[in-house]
Structure formats: C-alpha cells, structure tokens
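Me: I have a structure to go through before I get back to the bench. Can we take it in short questions and answers?

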Amino acid sequence: MGPRMLTIDDLTVRLGGRSILEHASATIPQGARVGLIGRNGAGKSTLMKAMIGEIEPDDGEISKPSRARIGYIAQQAPNGSMTPEQVVLAADVEREQLLVEAETCTDVDRLGEVHERLLAIDAYSAPARAAKILSGLGFDQDMQQQPVDTFSGGWKMRIALGALLFSEPDILMLDEPSNHLDLEATLWLENFLKSYPATLVVISHERDLLNKVVDHILHLQGGQLTLYPGGYDAFEKQRAERAAQQAAAKASQDAQRARLQDYVARNSARASTAKQAQSRAKMLARMQPIAALIEDPSLSFDFPDPSELRSPMLTLEQAAVGYGDAPPVLQRLNMRIDADDRIALLGRNGNGKTTLARLLAKQLAPAEGEMAAPGKMKVGYFTQYQVEELAGEDTPLGLMTSAMRGKPPGAVRGQLGRFGFSGSRAETRVEKLSGGERARLALALITRDAPHLLILDEPTNHLDVDAREALIQAMNNYSGAVILISHDRHMVELSADRLVLVDGGTAKEYAGSMEDYIDFVLGRNQPKKPAKQDKQKGKPAASAKNRSTERYLKSELSKAEKSMARIAAEVEKLDAAMIELNQTKPPAPGQKMELLLANRAAANEKLSRAEAEWLAAGEKLEQFAAQ
C-alpha cells in the first residue's frame, strides 16, 4: 500500500545556477486544502512543476499517494474546432472511452459492465455538470457551443480550467487560477473549491480565497517550506508573532493602539457611539498588517498627490460609447465623479467595464450625449498591456527619463523611488524584473504627472499578497479619485466607497454592499419561498424599500469610515515628516516646519469633520435598525 500523503522530502531544485529550493520538506495530508504562497520569484510555480513531475529535482524526492490522479493546467491553451462543452467533457477520459465502447461492443456481458460503470461515474449527467462549470466561468449557452478557436487566450485558459475542474483529479493543483477571471467568475470558483472533495494545492494571492477555501498555508521563503494550519489570516498572525521583535512594526502598532484607546475613551460613554467605536477597532485591526508590511522597500507604492480640482471633476450625461460604426457598447450613461471618489466597476468581462474606463480616460469620445471635464484634469490609466509592453532591454531610469523629458534627474529618481526603484535598482534591465516589479514600474510611469484621476484595470495580476496590501494603502492615502476594476474582492472592499454595475448595455450605481453583490452573483438572494408574514398586520416582514434604505445607510457609513481612514493616514504622513525634519542636522529652515504645522492643523480639522460625519452615519443606521 502506497503513501496516503503528499510528501516533499529534502527537496533541492536549481535553475540556471540559482537555488530555488534548498533541502525543503513538508507533508501534505490526504484531503488537505493547501494554499501555496510566497513572494514573487520565490519559486512557487517551480515547486508545483516538481510536484507534478515536470521538473526533475537535483536532490530529494516527492512521494505521492499511489494511483492518485494529479490534475494541473497545461501551459498550452486548447485550440481547434471543438466547442468548450466538448473540450470539458473530453477531460473525463474514462467516460469518453466507455461511451465509445458502449457504441461498438458486441459482447453482451462486457456491455453490461460498461453501462454499470457509466452509471457508477454519473456519466449521463456529465453534460449538465460541464454546462454548470462553464456557466460559472462566464460562458453563456451560445458561447459554450462556439469553436474554441473563436476565443481569446484568456477565455481559452478559462476553458482549460473548466476541463480540469470537471475531471475531478485526486490531487487538484492550480497556479493562480483567478488571473484570467473577472470578479464574478472568481467568486464562483471560490464557491466551487470550498466543496472540492479531494486534495487541493493552489498558488494564489487572493486573500479571500486563501481564507475561505484552504485549511493549510504552505509558505515558501528562502528556499524553505513551512506548513501552517488555518487560512491566510491565521498564517499572517503567526508570521507577525515571529516578527514582533522588530522595533519599527511594534512602534507602528503601539501608535495605532494609542489612537484607538483615545477614540474609545472619547466615545464609549454614549450608547449610540459604542458600536461605532467597535467598528473603528475592526477597521484599525484590518489596517495594522498593511502598515507593518509597508516597511519593506520592495513593496513601495506611493502615488503623488495631484493639485486640487473642484467637484464634480467629471460628469457624463446620457452618454453613449462604442467603437467605430458598430452599435454602442454602452449607452444612457449618467455619472458624476468627485475629486476624492473611490469607485469600483462591477460586472462580467465583456459587459463593457474596460470600454467605460477608456471613455473616462479620454481614450474614447462619447458617440452621443456629453462628457464634461476640466481641460487641466490629468488621468493615469493602468492596464495589463502596459506591463506586457515594457521593453526588456530598457531600464526603469531610462524609461522614466524619457517619459519625464525636460525634468531634472532628481525629479526622475524621486518618482522611481516612490515605487521602490532606488539606487542601482533603477538601472536594472526590465527583462530581469519580476512581474510584480514590472507592474510597479508601469504604475510609476502612469502617475509621473500626478494625475487627478487614477484608473486601475486589474492592477493585481502580478502582485503577491503583501504587495496588494501595500497597493491598497497607497490608494487610500492618495488624494485624487480612483476607478478600480479588480477580481480581488478584498481590494474592492477595503478601497471602494461606491460600486457601479456595468450590465445590460449601461452602467448604474449599485446601491447594495459587496456582500449583497456576492449574494447576487452566486444566486443566493433569489427568493425560494414567500417572505415571512407579520402575524399582526399580515404584511411582509421586511419590504424592498426597507432593505434598500438599509443598504444605502450601510454604504454611507462605509464611505465615511474609509474617508476617515484616508485622512488619518494623511495626518500620519505629516507627523512622520515633522519628526524627520526635527532630526535633520543642521536643523532645516523654520518655514518648512511652519508649513507642516499648518497642514497638520488643516488635516486634523478635516479628520474631526470626517469623524463627526462617520458618527452621524452610524447613528442614522442605528436609529433605522431600532425602528
């Protein structure tokens, strides 16, 4: 009898003379659901290839359960005239072989065995299961019947993922499966994997997936493997405990704790504010690891603040937008963007999110209606294409010098330094940068002019978990407006104040929360039975109007909470600048400190107003709940 566990024993793998894994060991129990994590370039994909036998280790071995079927997506996407449905069904090799045998077999006894086996593996419900998987990954009924060659590379990878999930291997291995998915398909995948019946090993940087799906974290760092019980939050807590001796992290945590205690002391006396104090505690608890992670200079994201513009900064009135003479992709667009808005665009890929982003970025002109924006408004627009198009022989310094032509070298270096490219790192050839570093470089380039509006279309595809947290903090510290398209639910929840749903050929404000939207996507909010009746009045217990009002009040409270967090971060930056100025030798000119003090006073006043708005929003929600 073979091993029942997946065992990595004293594994060493070297590639191109560089050691990726060095005497690494770990044991994965049968049926475990493991999240394989590590910084970009740590060797996660290399380890997974060694686990499936694609790479031969230099030393050590990997033992797998005997007769276990291992499933992994091949790098080559499917091609040809087969439909997505046919590709997915063909992934169950045994079923395909049995169906052929059932048509050709002349031995009556063997034919009976074939039909028994077909029933045992639930072969006849397979088309319905395949359709359900493809639908979850974004393929409607028409798309499921189109030739595979009519799809783009990203959609072909979805078909490959669907085929792998349908085949239900004993050990399912996934390498960043959400990179080709939108938020809606990511939510479906997360829900599917929660109930996956066998062993799962997934490389992912999606915090929500790592918390809701996996029960172990396998951390790869410095060529070594450590297996932690629990999801990502549990792992991060254990990792933070190991790093508690770091003075900088401790000082940051102490400062946050002191602010929280001060707030609670000032607001816990009244019953109406006690709940808000608890909410503030939760908010700060969520922000603590972000502040600690930003200490790493390789995670640096710091968007330059733009000059002030009055609100509304941009408006759309009955606008339509499309491409050439084709019918408009979107129409009846009515939208207002204020100078400090944080807006997430929701909706499946193909519904027009990128088209709307290009309209707001002034890359497309409205075919009908009006778009009003001041001529001096600057836009920074990030897409994955910019990351892929960075020339390998160039350097960050060369690219930024060219982009900031006429600016002094100090300004060029300063912009690169905001994104972690200091010193010799600025002169490294792009071809030697990791995917995450290239994404940071692209962000540095598009923000070189301090844009008033930042449009980020899937900014996280090359970023690990720590880098995503740093990007969230950078967005929350940034004083301009942000439009975000992302399949990372955690990023949307922590940075967006407004949700806009792009669907049905238009875009409209989504009144609910992200939780409401998740319910909507997964179909959990569809009524399955009549609403409960109020016995005294014979009316529905909760009207649609009440639910809408509650969602609106929760949205307003969330918006106020995030606004307060941004201003608090601004105050922190000013405090740090004053401390640094005090420590300079010889002392800096007094007028610099005067300016910082004036800005600190103004920011503190803004923070007081924001706290008051937050408390008022909380009281309104509490009063509504009491009614």
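What follows is a set of questions and replies on this predicted model.

Me: How many helices and strands does the protein have?
Reply: The model is predicted, so the elements are those of a model. The protein has 627 residues, and 45% of them count as buried. Its elements number 21 helices and 18 strands.

Me: Among contacts between residues at least 6 apart in sequence, what share joins residues at least 24 apart?
Reply: Contact here means heavy atoms within 4.5 Å. Take the contacts between residues at least 6 apart in sequence; the share that joins residues at least 24 apart is 70%.

Me: Which helix gives the most to the largest nonpolar core?
Reply: The largest nonpolar core has 50 residues. Those with the most contacts inside it include F301, F303, L441 and L443. Seven residues of this core come from one helix, residues 435–446. That is helix 16.

Me: How many residues are in the second, separate core?
Reply: This core includes A163, A185, W188 and L189. It is separate from the largest one, and its residues number 45.

Me: Which residues does F303 contact, leaving aside neighbours within four places in sequence?
Reply: F303 is among the residues with the most contacts inside the largest core. Two of its partners, L443 and L471, are also on that list. The full set for F303 is R418, F419, L443, T447, L454, L471, A474, M475 and Y478.

Me: Are helix 5 and helix 7 parallel, antiparallel, perpendicular or oblique to each other?
Reply: The axes of helix 5 (residues 126–136) and helix 7 (residues 183–194) come within 8 Å. They cross at roughly 135 degrees. Roughly antiparallel would need an angle over 145, and roughly perpendicular runs from 65 to 115. Helix 5 and helix 7 are therefore oblique.

Me: What is the make-up, by class, of the contact of helix 5 with helix 7?
Reply: Helix 5 brings K132, I133 and G136. Helix 7 brings A185, W188 and F192. By class, the contact has four nonpolar, one polar and one charged residues.

Me: Within what arc do the buried residues of helix 14 fall?
Reply: The buried residues of helix 14 (residues 396–403) are P396, L397, L399 and M400. What covers them includes helix 15 (409–417) and helix 16. Seen down the axis, the buried residues line one face of the helix, because they fall within an arc of 165 degrees.

Me: Is T83 buried or exposed?
Reply: T83 sits in the loop between strand 5 (70–72) and helix 2 (84–90). Not counting residues up to four places away in sequence, T83 touches Q144, Q145, Q146 and V148. Its relative accessible area is 9%, and the cut-off is under 20%, so T83 is buried.

Me: What distance separates the C-alpha atoms of K64 and I52?
Reply: K64 lies in the loop between strand 4 (59–63) and strand 5. At 27% relative accessibility, K64 counts as partly exposed. K64 and I52 are twelve residues apart along the chain, and their C-alpha atoms are separated by 9.5 Å.

Me: Which peptide bond is cis, with omega near 0 degrees?
Reply: Look in the loop between helix 11 (271–293) and strand 10 (314–321), where P312 has its place. The cis bond runs from S311 to P312.

Me: What is the phi of K362?
Reply: K362 is in the loop between helix 12 (353–360) and strand 13 (368–372). At 40% relative accessibility, K362 counts as partly exposed. K362 is not a glycine, yet its phi is positive, at about 65 degrees.

Methods
Residues are numbered from 1 along each chain as its sequence is written. This is a predicted model: local features need pLDDT of at least 70, side-chain atom pairs count only at pLDDT 80 or more; totals for chains, interfaces and linings use all residues. Side-chain values use heavy atoms; hydrogens and water are left out. Helices (H or I, at least four residues) and strands (E, at least two) are DSSP runs, numbered from the N terminus. Buried means under 20% relative accessible area, exposed over 50%, partly exposed in between (1.4 Å probe, protein chains only). A nonpolar core is a set of buried Ala, Val, Leu, Ile, Met, Phe, Trp, Tyr and Cys residues joined through side-chain atoms within 4.5 Å. Axes are lines fitted to C-alpha atoms, for helices over the stretch in contact, and angles run from 0 to 180 degrees between N-to-C directions. Angles under 35 degrees count as roughly parallel, over 145 as roughly antiparallel, 65 to 115 as roughly perpendicular and the rest as oblique. Ala, Val, Leu, Ile, Met, Phe, Trp, Tyr, Cys and Pro count as nonpolar, Asp, Glu, Lys and Arg as charged, and the others, Gly among them, as polar. The arc is that of the directions from the helix axis to the C-beta atoms.
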